[in-house]
Amino acid sequence: MMTATSILNRFRLDGKVALITGGTRGIGLATAYAFVEAGAKVYISSRSENYEDDGKLMASGLGVTFIAGDLSDPAECARVVAEVVKDAGRLDVLVNNAGVAIHGDTPDFSQENWRKLMSLNVDAVFWCCKAAIPHLLAVGGGTIVNMGSMSGIASNIPQNQVAYNSSKAAVHMMTKSLASEFAAQNIRVNAIAPGYIDTDMSRGGFSNPEWFPVWSGMTPMGRVGQPEEIAAIALFLASPASSYMTGDVVVADGGYTTR
């Protein structure tokens, strides 16, 4: 019979090596803090070393390493993963958090913006998974956590964002497909679908007098989420605590998609 202590231990990542993309701010940075606290050796990747916490986590001496990389380039996805494995000797957890939001009316949406969004939100997720999976297999399995969105489930309003919604729906299906393909090889792949979270990506909308009243009014809990609330789910999905879950999309949206 399991005790309370043994259950809590299932949330630990001791001895595990994790790569978190988009890890210098927002949900990615909060996830890095959570993983470090759970005992993991953490690598974070972003285009530039510009930390939302002014580099406090990096300066903490808690075993966090930064690797610069523009993950819209497939070769960079492979390089970043390879650098983690070269330095740490293994990879156990991949969190695909890097992403961008671009709104716009469909008739005016440019090919440049479509490719910018898809190359990071969809393509980079695939190429990072492709690069990471052989290394997860080499250590007997591992976990992948992809950052989707409630926008991959519901066409949230009033902003028009066909491209963004489509990209996150693609992440959800990619998650399910990878989970099916690699379940027998002990690789679990799950996704998180956050609602409106207090990050740089959403704050412009919070200050928009037309958008935010609608966002708030359509969220039953009546508030935005905090990055730490999503990081806690990422830790759960990355850890043995979720050992019987794969191919799932965990929605954390304050109830938005219930309406």
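## Close-up views of salt bridges, sheet and helix packing

**View 1. Arg-90 is partly exposed, with a relative accessible area of 29%.** This view, like the others here, comes from a predicted model. Zoom in on the side chain of Arg-90 and you will find Asp-92, its partner in a salt bridge with an N-to-O distance of 2.6 Å. The two partners sit in contrasting surroundings: Asp-92 counts as buried because its relative accessibility, 3%, is under the 20% cut-off, whereas Arg-90 is partly exposed. Elsewhere, salt bridges with shared partners tie Arg-25, Glu-52, Asp-198, Asp-200 and Arg-203 into one network.

**View 2. A salt bridge joins Asp-200 to Arg-25.** The closest N and O atoms of this pair lie 2.5 Å apart. It is a link between distant parts of the chain, with 175 residues separating the partners. Asp-200 belongs to helix 6 (residues 200–206), while Arg-25 is found in the loop between strand 1 (17–21) and helix 2 (26–37). Both side chains are worth a look for their surroundings: Asp-200 is partly exposed at 42% relative accessibility, and Arg-25 is also partly exposed, at 28%.

**View 3. Within helix 3 (residues 74–88), Arg-79 and Glu-76 are three residues apart.** That spacing means that about one helical turn separates them. Their side chains form a salt bridge, and the closest N and O atoms are 2.8 Å apart. Here Arg-79 is partly exposed, with a relative accessible area of 28%, and Glu-76 is partly exposed as well, at 21%. If you would like to trace the rest, the structure holds eleven salt bridges. Side chains of opposite charge can pair when their charged atoms come close.

**View 4. Seven strands make up an open, parallel sheet.** Reading across the sheet, the strand order is 3-2-1-4-5-6-7. Strand 3 (64–68) and strand 7 (249–252) are the edge strands, each pairing on one side only. Neighbouring strands are turned against each other by 20° on average, direction ignored. At one end of the order, strand 2 (residues 41–46) pairs with strand 3 in the parallel sense over five bridges. To find your place in this pairing, look for Ile-44, whose bridge partner in strand 3 is Phe-66.

**View 5. Helix 5 and helix 8 each lie across several strands of the sheet.** Helix 5 (residues 162–182) lies across strand 5 (142–147), strand 6 (187–194) and strand 7. Its direction makes an angle of about 160° with strand 6. Helix 8 (residues 227–238) lies across strand 4 (93–96), strand 5, strand 6 and strand 7. The angle between helix 8 and strand 6 is about 165°.

**View 6. Helix 2 passes helix 8 in a right-handed crossing.** Two packed helices are described by the angle between their axes and the distance between the axes. For helix 2 and helix 8, the axes come within 8 Å and cross at roughly 55°, and the two helices are therefore oblique to each other. On the helix 2 side, the residues that meet helix 8 are Gly-26, Ile-27, Ala-30, Thr-31, Ala-34 and Phe-35. Helix 8 answers with Pro-227, Glu-228, Ile-230, Ala-231, Ala-234, Leu-235 and Ala-238.

Notes. Residues are numbered from 1 along each chain as its sequence is written. This is a predicted model: local features need pLDDT of at least 70, side-chain atom pairs count only at pLDDT 80 or more; totals for chains, interfaces and linings use all residues. Side-chain values use heavy atoms; hydrogens and water are left out. A salt bridge is a side-chain nitrogen of Lys or Arg within 4 Å of a carboxyl oxygen of Asp or Glu. Helices (H or I, at least four residues) and strands (E, at least two) are DSSP runs, numbered from the N terminus. Buried means under 20% relative accessible area, exposed over 50%, partly exposed in between (1.4 Å probe, protein chains only). Two strands pair if DSSP finds at least two bridges between them. Axes are lines fitted to C-alpha atoms, for helices over the stretch in contact, and angles run from 0 to 180 degrees between N-to-C directions. Contact means heavy atoms within 4.5 Å. Angles under 35 degrees count as roughly parallel, over 145 as roughly antiparallel, 65 to 115 as roughly perpendicular and the rest as oblique. A crossing is left-handed if the near helix is turned anticlockwise from the far one by less than a right angle, and right-handed if clockwise.
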